[in-house]
Structure formats: structure tokens, C-alpha cells
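Dear colleague,

Here is the structure that I promised to pass on to you. Please open it beside this message, and then read the notes below at your own pace.

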Amino acid sequence: MNKAFTAEEYLALINEALDRYVPLCGDERDAVTLAMRYSLQNGGKRVRPMLLLEFNRICGGCVQDALPLACALEMIHTYSLIHDDLPCMDDDDFRRGRPSCHKQFGEATALLAGDGLLTLAFSVAAGASLAPERTLACLAELAQAAGYRGMIGGQTMDLQHEDQTIDADLLRQTDRLKTGQLILAACRIGCLAAGAAPERIAAAETYAENIGLAFQIVDDLLDITGTAEELGKPIGSDAEKNKSTYPALLGLNESRRLVRALTDEAINALACFGEASFLGAFAEKLANRTN
Ligand code: GRG
């Protein structure tokens with residue numbers, strides 16, 4: 001297996017590569033480039049690229065080969081956050097303690113910055129130096145996860161149910177797409193890029209589905225029990241927007257119990273990888289995060 005990385009090492013690698021992919025030089029000092037960089041470098045946790053790189057590593061892949069795919073996924077995630085904050089969507093003024101992209105650059109530039117990141121993601125991913133059939137499989141995976149049957153599908157369901165109380169099943173279906181698909185894509189692409197065996201891909205899916213749902217429940221919990229300082233945005237926005245959330249439907253204690261059970265399930269799925277301590281600790285870290 002290739003050399004192990006710490007979360008800090010992955011973070012530095014990802015941030016440096018993202019910086020390189022959206023350079024600031026000469027003619028590129030335009031508002032859209034500035035807005036793309038502003039949102040990409042917003043102190044995000046880089047959850048998705050780290051998952052991708054670590055699954056790739058434990059399946060025998062090389063970090064430098066998978067790095068373009070990891071950055072592409074983070075660009076798609078960042079585009080989704082820029083568009084999600086727009087007035088026509090969630091209308092949020094703050095993201096990670098700073099004005100959201102449209103507050104800083106205006107709506108038209110924010111819209112274009114999101115579009116720019118989405119399209120750049122595919123160009124960067126296509127440049128991954130893997131066997132062509134692996135690159136193609138990863139591109140298809142990215143498109144599916146981000147698309148109308150994936151994250152956009154989840155966002156659509158979310159908008160359809162605005163100001164309605166929905167049951168936990170429908171909430172779960174929405175989040176499985178809206179939040180879950182990019183997390184699933186991270187784990188699957190990591191495996192696909194390394195040519196992993198089907199049983200390992202299946203185990204990565206089980207891990208992803210469990211941490212994906214736990215991630216969303218923690219997000220809902222933090223909007224009630226977190227602090228504005230740590231989250232970088234005001235708390236209580238779900239209740240203010242009348243959103244159906246796990247704590248609202250199931251209560252705080254049951255939501256916390258569910259996060260624990262999902263995290264345990266995710267960790268159990270790692271057995272077939274042998275040494276997977278990073279991913280076990282990562283699942284715990286996500287369950288206990290404060291931002
Ligand atoms: C607009 C096409 C389109 C999609 C938006 C992802 C999404 C769909 C909306 C975001 C709404 C939201 C807050 C969902 C909760 C889970 C989530 C994706 C949180 C943000 O991800 P983090 O915590 O963010 O990984 P950082 O800032 O760390 O990158």
C-alpha cells in the first residue's frame with residue numbers, strides 16, 4: 001500500500017492543487033476568477049477530496065494520479081454551495097464566516113463563478129493521468145452524482161418541499177441525493193481510479209451511505225446546538241425557514257443516537273480493507289464535528 005497521509009497532509013495537498021487550478025495572473029484577474037477563488041479558498045473541510053484520496057490510497061492508487069479527481073469533486077461541491085446561497089435558493093448571506101459569494105461579488109458573478117467551477121471540474125478530471133477507461137468511468141460517476149438524478153435531484157426535492165412538513169423517509173430520500181451523492185461519488189471514484197475489486201467498491205458504498213446520512217443529521221444538529229462563531233453563519237436558520245430536519249422530526253436524542261449507529265455501521269463496513277484507520281477516525285471526526 002502507498003505511504004499513509006495525515007488529514008493535515010491531505011489538506012495541504014488539496015489546497016495547493018486547487019490554488020494551481022484557478023490561477024490568478026494576467027488577464028485572469030477578472031471578477032469571475034476572483035469569485036471562484038474566493039469560494040474555493042473559504043476554509044472548507046475538504047471532506048470529499050480527502051475521502052476520495054484515502055479510498056484511492058488503500059486500494060493501491062497513487063495520490064498524484066487521483067488528485068485532479070479529488071479537486072474536481074471539491075469544485076463541484078463549491079459550485080453547489082455558491083448556487084445554494086443565492087437569493088433564488090436558500091438566500092444565505094454568510095458562508096464560513098465570510099459574506100457568501102453573491103454578497104461579495106453580486107448575483108450574476110456568483111452564478112457564473114458556480115458555472116465556471118462546475119465546468120472546470122470536468123476539464124480538470126479529464127486530465128487525470130490514469131488509464132483512459134478509468135478516467136472515463138470517474139467522469140461518468142462525477143456527472144451522475146452532480147446531476148439531476150443526483151445532487152441537483154436532491155436540491156429539486158428540497159425546493160419542492162419548502163414550507164412543508166415532510167416525513168423522515170422523504171427527508172432521507174432528499175438527503176441521500178442532495179448531500180449523499182457527492183460523498184458516495186468521493187468514495188466510489190477513489191476506488192474506481194485505483195481499479196478496486198467489486199467487493200471493495202460495495203464496502204466503500206456502505207461506508208459512504210452511512211457517513212453521508214450521519215453528516216446531514218450532524219449538520220441539522222449543529223444548526224440548533226452549534227455556535228455562530230464555529231459555524232461561520234447564524235444558527236437557527238432551518239427553524240426560521242420552516243425546514244423539516246432530523247432533530248425537528250425525531251428529536252435531539254434520537255438524532256444523536258442515529259448518528260452513532262450510522263457511524264458504527266460505516267466503520268464496520270471497512271473490515272474488507274484491512275488497514276483503514278484513517279477512514280475509521282474520519283467517520284468519528286465527522287460525527288463529532290462542531291463546524
Ligand atoms: C444548488 C445544485 C445545487 C445544489 C445544492 C449541497 C447542496 C445542494 C446544498 C447545501 C445545503 C447544505 C448546507 C447541505 C448540508 C450538507 C452540506 C453539503 C454541508 C456543507 O458541506 P461541508 O460541511 O462544507 O463539507 P465545507 O464548507 O466544509 O466545504
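**The nonpolar cores**

In this predicted model, the largest nonpolar core has 76 residues, and among these L51, L52, L53, F55, L69, Y207 and F273 touch the most other members. The element that gives the most to this core is α4, with 12 residues. If you would like one residue to start from, take L69, which touches L52, A125, A128, L130, C138, I189 and A193 when residues up to four places away in sequence are not counted. Apart from the largest core lies another core, of 14 residues, which includes L231, Y246, L262 and A287.

**The chain as a whole**

The protein chain holds 16 helices and 2 strands, and its C-alpha trace spans about 50 × 50 × 30 Å along the principal axes. Its radius of gyration is 18 Å, which agrees with the value near 19 Å that a compact globule of 291 residues would have. Of the 291 residues, 52% are buried. Among the contacts with a separation of 6 or more, 74% are between residues 24 or more positions apart. The chain exposes about 12,800 Å², of which carbon and sulfur atoms supply 54%. As for charge, there are 27 positive and 41 negative side chains, and the centres of these two sets lie 3 Å apart.

**Three residues in loops**

Is L86, in the loop between α4 (63-85) and β1 (94-95), buried or exposed? L86 counts as buried because its relative accessible area is 5%, and the cut-off for buried is under 20%. Leaving aside neighbours within four places in sequence, L86 is in contact with D91, H102, E107, A110 and L111. From L86 to R289 there are 203 residues in sequence and 26 Å in space, taken from C-alpha to C-alpha.

The other two residues, R46 and D163, are worth reading side by side. R46 is not a glycine, although its phi is positive, at about 60°, and D163, also a residue other than glycine, has a positive phi near 60°. R46 is found in the loop between α2 (31-40) and α3 (47-58), while D163 is found in the loop between α8 (151-160) and α9 (168-178). R46 is buried, with a relative accessible area of 5%, whereas D163 is exposed, with a relative accessible area of 60%.

With best wishes

Definitions and conventions:
Residues are numbered from 1 along each chain as its sequence is written. This is a predicted model: local features need pLDDT of at least 70, side-chain atom pairs count only at pLDDT 80 or more; totals for chains, interfaces and linings use all residues. Side-chain values use heavy atoms; hydrogens and water are left out. Helices (H or I, at least four residues) and strands (E, at least two) are DSSP runs, numbered from the N terminus. The radius of gyration is taken over C-alpha atoms; the globule rule is 2.2 Å times the number of residues to the power 0.38. Buried means under 20% relative accessible area, exposed over 50%, partly exposed in between (1.4 Å probe, protein chains only). Contact means heavy atoms within 4.5 Å. Accessible areas come from the Shrake-Rupley method with a 1.4 Å probe; for residues, only the protein chains shown count as cover. Lys and Arg count as positive and Asp and Glu as negative; His and the chain ends are not counted. The place of a charge is taken as NZ of Lys, CZ of Arg, CG of Asp or CD of Glu. A nonpolar core is a set of buried Ala, Val, Leu, Ile, Met, Phe, Trp, Tyr and Cys residues joined through side-chain atoms within 4.5 Å.
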